[in-house]
Amino acid sequence: MSLLPWPSLLCQAIGLGIDPAAFWEVSVAEWRALVAPDLATAEVMTRANLTLLSLRFPDEETSPDDINE
């Protein structure tokens, strides 16, 4: 049993002009850059960005009684 849809991925690669032999040599990072180029150049979450997000969207206070409900 496979967790990935290999036939579908191979068909997608062929549609991109990648032959089957080259498909099996492509790394995960290369594949992501091929199929989702916007994600390949997306900004990585930095500590500064995380801090800005946490200030913009603070966690709500939760009472101890609400935690296990």
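**Exercise 1. How many aromatic pairs does the structure hold, and how is the pair of W6 and W24 classed?**

Step 1. Start with the count: the structure holds four aromatic pairs. Rings of Phe, Tyr and Trp (its six-membered ring) pair if their centres lie within 6.5 Å; planes under 30 degrees apart are stacked, over 60 edge-to-face, and the rest tilted.

Step 2. Now W6 and W24: 5.3 Å centre to centre and 40 degrees between the planes make this pair tilted.

Step 3. Place the two rings on the chain. W6 sits in helix α1 (residues 6-15) and W24 in the loop between α2 (20-23) and α3 (28-35), so the pair ties together parts 18 residues apart in sequence. Helices here are DSSP runs (H or I, at least four residues; strands are E, at least two), numbered from the N terminus.

A word on ground rules: this is a predicted model, where local features need pLDDT of at least 70 and side-chain atom pairs count only at pLDDT 80 or more, while totals for chains, interfaces and linings use all residues. Residues are numbered from 1 along each chain as its sequence is written, and side-chain values use heavy atoms, leaving out hydrogens and water.

**Exercise 2. Are W6, W24 and F23 buried, partly exposed or exposed?**

Step 1. Fix the cut-offs: buried is under 20% relative accessible area, exposed over 50%, and partly exposed in between (1.4 Å probe, protein chains only).

Step 2. W6 comes out partly exposed at 35%, and W24 is exposed at 53%.

Step 3. Follow W24 to its other partner: the ring centres of F23 and W24 are 4.8 Å apart with planes at 75 degrees, so that pair is edge-to-face. F23 is buried, with a relative accessible area of 7%.

Step 4. Put the rings together: ring pairs link W6, F23, W24 and W31 into a cluster.

**Exercise 3. Which residues make up the largest nonpolar core, and what does F23 touch?**

Step 1. A nonpolar core is a set of buried Ala, Val, Leu, Ile, Met, Phe, Trp, Tyr and Cys residues joined through side-chain atoms within 4.5 Å. The largest one has five residues: L9, A13, I18, F23 and W31.

Step 2. Not counting residues up to four places away in sequence, F23 touches W6, L9, L10, A13, I18 and W31. Contact means heavy atoms within 4.5 Å.

Step 3. For scale, buried residues make up 7% of the 69 residues in the protein, which has six helices and zero strands.

**Exercise 4. Where is L34 found, and which residues is it in contact with?**

Step 1. L34 is found in helix α3 and counts as partly exposed at 41% relative accessibility.

Step 2. Leaving aside neighbours within four places in sequence, L34 is in contact with L16, I18 and V26.

Step 3. Check one more distance: the C-alpha atoms of L34 and A13 are separated by 8.9 Å, with their positions 21 residues apart along the chain.
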